[in-house]
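Let's look at this one together and ask what stands behind each term.

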Amino acid sequence: MTFTPSTLVQTLVYGWLANPTASLGQLAQMAARVGATVSPQAIDRRFTLATVDLLHHVLLASMEYAISADPVAVSILQRFTSVRIHDSTTIGLPDALATTYRGCGNASARGTAGLKCGVQLDLLTGTLCGIDLTDGRASDQVLLVQRAPLPAGSLRLADLGFYNIRIFRELAAAEVYWLSRVQSHSRIRLPGQKEQSILEVVTGLGDADHWEGTVLVGSKERLAARLLVQRVPDAVAAQRRQRVQDEAHDKCRPVSNAAMDLAAWTVVITNAPEDKLGLTEAMVLLKMRWQIELLFKLWKSHGHVDEWRTKKPARILCEIYAKLLGLVFQQWILVASAWDTAERSLFKAAQIVMAYATDLASSRGCREQLETVLTTLASIIGRLARVQKRQKRPSTAQRLLALTAGSG
């Protein structure tokens with residue numbers, strides 16, 4: 001039996017899910033498991049623009065299915081109807097793909113081609129709420145996840161690339177809460193005082209370790225918000241200053257003295273009232289934004305979504321889209337297996353899914369067999385995909401659960 005559109009997609013998705021560096025021969029073996037008897041050369045001939053279009057459409061269609069778990073067993077997160085975190089990552093591409101996805105630089109610098117992948121994830125239920133695929137040079141501000149409507153009562157967490165006072169105001173009008181770090185050049189007006197820089201605000205705190213209060217943020221567009229300020233340990237401040245210096249060096253620009261001074265503080269704004277989100281709780285929840293960074297790390301270091309075994313543009317795009325589809329499927333399995341447990345480990349779960357990818361492929365659309373494999377997967381992930389407790393550097397899950405215990 002030769003390929004159908006369904007068996008072609010299954011071959012590529014399961015093939016690279018089982019082995020992200022799979023050869024044509026290994027993909028041909030996976031094809032046999034899904035019911036297609038083809039040669040490695042036949043697979044190679046399928047890497048066409050038509051297959052690129054097919055995989056792209058299937059990937060976008062996968063976002064129409066909101067696979068959700070019971071809310072994670074952390075009471076602080078359950079105060080909100082959802083906890084949406086969004087960010088983006090960029091995949092560098094060969095210059096031959098510059099007409100498909102434009103990059104940030106030129107051939108002698110960062111490359112003329114690049115794919116930006118914007119993702120929105122609900123930390124409460126594990127749902128992948130959206131994936132944007134656009135030019136690598138595109139700003140985070142123009143991504144669809146930046147303006148995607150959120151349910152009333154949600155909490156939105158995002159990096160500074162998504163910082164936008166107008167968006168914050170629109171979200172607040174829709175009864176959505178937001179929590180964000182503040183841009184270093186932002187202007188702040190404290191009650192009864194003149195407009196100041198963020199640095200002037202924290203300098204005025206003297207020896208105090210923290211401060212919170214209602215302020216106006218911005219100069220041209222002003223936004224009422226709670227300002228939360230907390231001093232960080234010296235070791236953390238030193239790490240932040242090193243990152244400031246490294247980033248300035250990478251971008252060939254002077255080191256910002258203000259950024260170096262502000263490294264000693266965490267400064268955030270939110271529209272959530274104190275009874276919904278206290279200062280200490282907000283500082284811990286802010287760290288949850290890194291969960292999407294861990295997801296991107298998983299996609300690249302484990303899923304190898306930014307690596308391929310070819311120089312052919314169409315095959316590269318086929319490989320990227322098929323791997324992303326496999327990673328979406330992997331997230332669905334994790335959600336159905338262990339998302340309601342705060343101590344879950346994405347990396348351990350991914351290794352388990354990889355080991356069972358051939359069994360998933362062999363089910364060949366047989367619902368009973370597929371359910372058996374998924375049930376086995378869920379049991380193993382639920383028991384074995386756990387983060388080990390750490391004494392010196394507690395995980396985010398440990399910090400969240402500690403807050404929950406303290407509030408009880």
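**One helix, its core and a pocket**

Q: Which residues on the other side of H13 are exposed, and what makes them so?
A: Gln 351 and Ala 355 are exposed there. Exposed means over 50% relative accessible area, buried under 20%, and partly exposed in between (1.4 Å probe, protein chains only). The model is predicted, so local features need pLDDT of at least 70 and side-chain atom pairs 80 or more, while totals for chains, interfaces and linings use all residues. Numbering runs from 1 along each chain as its sequence is written, and side-chain values use heavy atoms, without hydrogens or water.

Q: How do you know that the buried residues of H13 lie on the same side?
A: The buried residues of H13 (346–355) are Leu 346, Ala 349, Ala 350, Ile 352 and Val 353. They cover an arc of only 160 degrees around the axis, so they lie on the same side of H13. The arc is taken from the directions from the helix axis to the C-beta atoms.

Q: What covers these buried residues of H13?
A: Helices H1 (5–18), H11 (290–302), H12, H14 (357–362) and H15 (367–384) are among what covers them. Contact means heavy atoms within 4.5 Å.

Q: Which residues touch the most other members of the largest nonpolar core?
A: Leu 285, Trp 299 and Ile 381 do, in a core of 100 residues. Helix H12 (313–338) gives the most to this core, with 16 residues.

Q: Why is the lining of the second largest pocket described as without charge?
A: The lining residues divide into 17 nonpolar, six polar and no charged. Asp, Glu, Lys and Arg count as charged, so none of these is in the lining.

Key: Core = buried A, V, L, I, M, F, W, Y, C linked by side-chain atoms within 4.5 Å. Helix = DSSP H or I, 4+ residues; strand = E, 2+ residues; numbered from the N terminus.
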